[in-house]
Amino acid sequence: MSQSSIAEDLSKTEQGKSGGVQVYHDEKLEYVPPDEEEVRRLVRKLDFRIVPFVALLYLCSFLDRVNIGHAKLGGIVSDLNISENIYNWSLSIFFVGYVIFEVPSNMFLKYIGPRRWIALIMITWGTIMAAMAAGVIFFLSVWYPRRTQTIRTAIFYAASTVAGAFGGVLAYGIMHMDGLQGLSGWQWIFIIEALPTIVLAFITYFYLPDFPENSPFINEREKQIVINRIKEDAGPATETHFSWKQFFAAFKDIKLYFMSVILICVCCPMYSLSLFMPTIIRDMGFTNLTAQAMSAPPYVFACATTVGFAFSADRRKERGLHLACAATIGMIGYILLITLREEAAAARFVAATLACCGVFPLIPLSSVWNSNNVGGHTKRGVAIAFVTGAGNAGGIISGQMYRVDDAPHYQHRMACEGEELCDKHPDFRYIL
């Protein structure tokens, strides 16, 4: 080979150093598909780095979100001298930010990168906290093929059930600090449960990877494998650049509106159970402190069903049927709560646990079902945020679902009662 051809070949290579050893990456070399063992090693590496950490982030997010339910039993309503109605509206107003900020938040995440944006929203917890769920779902979709996302997303969402269980036990212990340093127990709940979030915000900036093409914790070969797996899975929808055309195309996609309705129906029971579980259990006849501790077991069982449904959905490469089965379990739990309202507390507690086991798996199943059926980076980011934001309108509704006027059975009477029977009166005649 002539010196000129050697120089030409060297000019087309990327040169680097690794541990003092000279490494050359020939740009002309074609991508060599990995064998199964290489893929397994890489997936384990990704899982170890990404999934537990984002689950921990969501655990803190959900813990900060549902501690208001424990604060209510700790006396926040009486200490602030507010009515039960105002308390319920404060829960509903909290979710307005979710609806407003989801789409712009995912656009910022795409622009500045997950580690910077997620760290930022954790520092500003409570103002643009809405970005967490939609942002992580989008984040996982750029690292894992569609048919393997459900179990990872479920582990992420299962952290909410862990937060529910852990939050109940933690609140039980913290409430014994009532009066310490002149602070009420519910104030200590907010202070102590907020500290891990602040610490994690700084860790997130350094630990959480951005996108596969610019993450230093995987080498060039591994980057190739990750990117090609996503491309092969996406088929023709492989665009990764920001596109205004894709942005507006998301809002013209009719299936997103159907998915939004599904998620609203899913979020209503999920958030209402999360926010009011301690109150529901208290009204079964338990004391405030006991109710906080007793709110843990339903979440433990819900964690198992959340992961179990997701594992089955990924293994069978199916979403809708699993969603329907989980919803049926939740429906049975609610029916039992109504029909057993005069029975012993143990029976109603089992019914509440069954409702949790059916409701909580619905979130990852519906979220991934939506994410799996949208192509293009920008469109998928907008679609995930739009559906998640619309679904969080269910959070607004959930704040009004368990009103003190309906205690202890919380059967909201929508019909006219007493002498005001309206068209229910037996003498009223309909016109056909």
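This passage walks through the overall make-up of the chain, a few of its helices and some single residues.

The model is a predicted one. Its chain runs to 432 residues, and 49% of them are buried. In secondary structure terms, the count is 19 helices and two strands. Contacts lean heavily on residues far apart in sequence: of those joining residues at least 6 apart, 79% link residues at least 24 apart. As for the outside, about 21200 Å² is exposed, with carbon and sulfur atoms supplying 64% of that area.

Helix α2 is a good place to start on the local picture. This helix takes in residues 36–73, and at 1.5 Å a residue its 38 residues should span 56 Å; the end C-alpha atoms turn out to be 53 Å apart, so the two figures agree. The helix does have a bend in it, though, of about 35° at D47. Most of α2 is covered, with 27 of its 38 residues buried. Just past the end of the helix sits G75, with a positive phi of about 105°.

Further along comes a loop between α3 (76–79) and α4, and N81 is part of it. Its phi is positive, near 55°, and N81 isn't a glycine. That goes against the usual run of things, since most residues other than glycine have a negative phi. N81 is also out in the open: its relative accessible area is 70%, and because anything over 50% counts as exposed, N81 falls in that class.

Q181 tells a similar sort of story elsewhere in the chain. This residue sits in the loop between α8 (149–174) and α9 (185–207). Its phi is positive too, about 55°, although Q181 is no glycine. With a relative accessible area of 69%, Q181 is likewise exposed.

Back at α4, this helix covers residues 84–94, and its axis comes within 4 Å of the axis of α5, with a crossing angle of roughly 5°. Angles under 35 degrees count as roughly parallel, so α4 and α5 earn that label. The residues that meet here are S92, I93 and F94 on the α4 side and V96, G97 and Y98 on the α5 side.

Helix α5 itself is made up of 17 residues, 96–112. Its first and last C-alpha atoms are 25 Å apart, close to the 24 Å expected at 1.5 Å a residue. There is a bend here as well, of about 45° at E102, and a proline, P104, turns up within four residues after that point. The bend residue E102 is among the buried residues of α5, as are G97 and Y98 from the contact with α4. Rounding out the buried set are V103, S105, N106, M107, L109 and K110. After the helix comes G113, which has a positive phi near 100°.

On its other side in sequence, α5 pairs with helix α6 (residues 114–123); the two axes come within 7 Å and cross at roughly 135°. That crossing makes α5 oblique to α6. From α5, the contact draws on S105, F108, L109 and I112, which meet P114, R116, W117 and I118 of α6. Two of those α5 residues, S105 and L109, also belong to the buried set.

Two more residues, both in later helices, are worth a look. V368 belongs to helix α17, residues 362–372. Its relative accessibility is 1%, and since the buried class takes in anything under 20%, V368 counts as buried. Leaving out residues up to four places away in sequence, V368 touches Q149, T150, T153 and R319. Its C-alpha atom also lies 9.6 Å from that of F138, even though the pair is 230 residues apart along the chain.

L354, by contrast, has its place in helix α16, residues 345–359. At 28% relative accessibility it is partly exposed, because that value lies between the 20% and 50% cut-offs. Neighbours within four places aside, L354 is in contact with I329, G330, I332, G333 and L336. For L336, the C-alpha atom is 9.0 Å from that of L354, and the two residues are 18 apart in sequence.

Definitions and conventions. Residues are numbered from 1 along each chain as its sequence is written. This is a predicted model: local features need pLDDT of at least 70, side-chain atom pairs count only at pLDDT 80 or more; totals for chains, interfaces and linings use all residues. Side-chain values use heavy atoms; hydrogens and water are left out. The expected span of a helix is 1.5 Å times one less than its number of residues. The bend at a residue is the angle between axes fitted to the seven residues ending there and the seven starting there. Buried means under 20% relative accessible area, exposed over 50%, partly exposed in between (1.4 Å probe, protein chains only). Contact means heavy atoms within 4.5 Å. Accessible areas come from the Shrake-Rupley method with a 1.4 Å probe; for residues, only the protein chains shown count as cover. Axes are lines fitted to C-alpha atoms, for helices over the stretch in contact, and angles run from 0 to 180 degrees between N-to-C directions. Angles under 35 degrees count as roughly parallel, over 145 as roughly antiparallel, 65 to 115 as roughly perpendicular and the rest as oblique.
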